[in-house]
Amino acid sequence: MSAATRDSCNNSTDPIFENLRGAFVEQFGHERKPSVLARAPGRVNLIGGHTDYNDGFVLPTTVDRAVYVALRPRTDERVRLHSQNFGEEVEYALSKPHVSSLPQWAQYVAGVAEELRTKCGLDAGFEGVLFGNVPLGAGLSSSAALEVAAAEGLTRLFGIDLGAEEMALLCQQVEHTYVGVQCGVMDQMATRLGRAGNVLSLDCRTLDYEHVPLPLSEASIVIADSQVSRELADSKYNERLAECEEGVTFFQQFDDSIKALRDVSSELFEAHASELSETTKRRCRHVITENRRVKKSVQALQAEDLETFGALMSAAHSSIRDDYEVSIPELDHLVATAENTEGVYGARMTGAGFGGCVVCLAANSALEPLQQRLSQQYEDQFGLEPALYVVEENLEVMTLH
Ligand code: GLA
């Protein structure tokens, strides 16, 4: 990421910063202008579903929606936060956050502040206004965007030097400790490192990454939000994690260097698949084949071969539906509708599953019919209107002071 995009000074073209500045003054008074503004985008994962916590590979990109924070330091230990989206305000003492008693949106910020306090010496209070336009609970990672925006803003505000990977890991820790989801590191890395016009090809074990250009001169990414909220997602997520660990334990008897499903070769899997329970076999098969699909997808993008890329997305959906079993009929319907539309390269559910969004790759000439068919057919079947977004740009993290 270039220094210019991360660190431009008061010359942002994003009008939301200006609105937030105004909201801050309105909230805290005219003499209290914000010292730092930060934004972090939502993300959509094009392929690599449920591979990140198996030390595998993912291919996310950021979307054109983000979470924004405006911050100012205080001379005491108080923290005051206002959410524009929820119209709520919280206040607490920095060293006694009682995170679980705060409203959910504030838990993420307080969690980040607490991690920075205990690990990086953050020791003064602050006040902040937050705003986001990443749809909540839709699988576009509004939570990672909020965490990273808070971390970007607070590290800048207090001069804390934190590398991108360290920041992503710190934000992931917030999910583990305060939210109770044992998520992988994809969302936080994608949000923090996403670059305009690119996908992030990420190895979730080593955190090595590469920005791979998206060849989208004549195609677009379309997101269809099923409007089914992911109620089961958290408990089922942790259940899938445990099922994968069962697979790892099983394969370790053949090779004790195996640390995660990422280390299980297709050959080893095939040789012993019949000894596994049906459920464990399916979970392992999804992860092992999905890692292969991600690698092939990177090659397809590099070759600007959208046909192959789209076919891999569609194969990934079948695998996550049949083997990983985190899809639901609503998502399957949206994927099938997209796939049956001329000019669509491929589609799959994205995010944790059990609700949320489907991501489609479509030729620009197919955008209108695709959106029309997605709305119409989904409404006919489920009586619900999906929210549709064409991703216009891949926003990057930005901090202003
Ligand atoms: C959620 C988690 C991620 C990842 C995806 C599934 O978004 O936060 O870490 O596991 O689900 O790919």
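A pocket is here an open set of grid points, on a 1 Å grid over the protein atoms alone, with protein on both sides within 12 Å along at least five of seven lines. In this predicted model, the largest pocket has a volume of about 1000 Å³. Its lining comprises 46 residues, of which Tyr108, Gly137, Ser142, Ser143 and Arg230 are the closest to the centre. Two or more lining residues come from each of the strands β1 (36–45) and β6 (126–132) and from each of the helices α3 (104–120), α4 (142–157), α5 (164–179), α6 (186–193) and α7 (233–252). By class, 21 residues of the lining are nonpolar, 18 are polar and seven are charged.

The ligand occupies the largest pocket. Around the ligand are 13 residues, and those that come nearest are Arg43, His50, Asp52, Asp187 and Tyr237. This shell consists of five nonpolar, five polar and three charged residues.

Polar contacts to oxygen atoms of the ligand were found for three of the residues named above. For His50, the contact involves the backbone, with an N or O atom at 2.8 Å from a ligand oxygen. For Asp187, an N or O atom of the side chain is 2.6 Å from an oxygen atom of the ligand. For Tyr237, a polar side-chain atom lies at a distance of 2.5 Å from a ligand oxygen. The ligand taken alone exposes 310 Å², and 93% of that area is buried by the protein.

Notes. Residues are numbered from 1 along each chain as its sequence is written. This is a predicted model: local features need pLDDT of at least 70, side-chain atom pairs count only at pLDDT 80 or more; totals for chains, interfaces and linings use all residues. Side-chain values use heavy atoms; hydrogens and water are left out. A residue is near a molecule or strand if one of its heavy atoms lies within 4 Å of it. A polar contact is a pair of N or O atoms within 3.5 Å; within protein, one must be able to donate a hydrogen and the other to accept it, and residues adjacent in sequence count only if both atoms are side-chain atoms. Accessible areas come from the Shrake-Rupley method with a 1.4 Å probe; for residues, only the protein chains shown count as cover. On a 1 Å grid over the protein atoms alone, a cavity is a set of points where a 1.4 Å probe fits but cannot get out, and a pocket is an open set with protein on both sides within 12 Å along at least five of seven lines; lining residues have an atom within 4 Å of a point. A molecule sits in a cavity or pocket if more than half of its atoms lie within 2 Å of its grid points. Ala, Val, Leu, Ile, Met, Phe, Trp, Tyr, Cys and Pro count as nonpolar, Asp, Glu, Lys and Arg as charged, and the others, Gly among them, as polar. Grid points are joined across faces, edges and corners, and a volume is the space filled by probe spheres set on the points. Helices (H or I, at least four residues) and strands (E, at least two) are DSSP runs, numbered from the N terminus.
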